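Open the model in your viewer and keep a selection box ready. We go from the whole chain to a single helix.

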Amino acid sequence: MLGAFFVFNGLDKLAWFADSGFLAQRLEEWMQGAAPSTRWYIETVAVPGVPLFARLVPLAELSAGVALILGFWTSMVAVLAFLMVVNFHFARGFFYQWEFLMDGTSLPVLGGLLALAIGGTRMPFSVSE
């Protein structure tokens with residue numbers, strides 16, 4: 001199910017390939033009222049990298065989703081997807097909000113990815129070994 005989650009999130013961002021302005025606009029929205037550490041991260045890391053990240057994020061989400069569905073390199077993909085989700089939550093300033101604990105794209109996704117990172121190689125259909 002996490003694989004399907006990432007595939008559909010990646011499909012939702014396919015427009016970013018043609019126009020990185022979608023990501024730039026989202027980052028501007030996230031910067032409004034952001035905590036100082038989040039603001040620094042967006043201004044220093046995310047905004048300068050918008051042209052790259054606008055193409056890398058949908059590609060990474062689609063690739064991670066397909067890999068998780070197929071069971072290909074499950075542990076490694078889960079670790080990379082975990083880091084990607086943490087990155088998004090930090091950029092959104094989500095770690096500073098109570099909604100983080102109740103949002104379906106927060107703890108359940110991070111917990112599921114962590115579980116796959118730890119035990120993913122022992123799954124019945126894993127092709128990593």
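Start with the contacts, meaning heavy atoms within 4.5 Å. Residues 24 or more positions apart make up 70% of the contacts in the protein with a separation of 6 or more. The model is predicted: local features need pLDDT of at least 70, side-chain atom pairs count only at pLDDT 80 or more, and totals for chains, interfaces and linings use all residues. Residues are numbered from 1 along each chain as its sequence is written, and side-chain values use heavy atoms, with hydrogens and water left out.

Now colour by secondary structure. Seven helices and zero strands appear (DSSP runs numbered from the N terminus: helices are H or I, at least four residues; strands are E, at least two). The radius of gyration, over C-alpha atoms, is 15 Å; the globule rule (2.2 Å times the number of residues to the power 0.38) gives 14 Å for 129 residues, so the protein is as compact as a globular protein of that length.

Next, colour by burial. Buried means under 20% relative accessible area with a 1.4 Å probe, counting protein chains only. Of the 129 residues, 40% qualify.

Select helix 3, residues 21–31. Which of its residues are buried? Leu-23, Leu-27, Trp-30 and Met-31 are. They lie on the same side of helix 3, because they cover an arc of only 100° around the axis, taken from the directions from the helix axis to the C-beta atoms.

Add helix 2 (15–18), helix 4 (36–46), helix 5 (50–70) and helix 6 (74–92): the buried residues of helix 3 pack against these.

Last stop: Gly-33. This residue follows helix 3 and has a positive phi, near 70°.

Notes:
Buried < 20%, exposed > 50% of the residue type's maximum accessible area, 1.4 Å probe, protein only.
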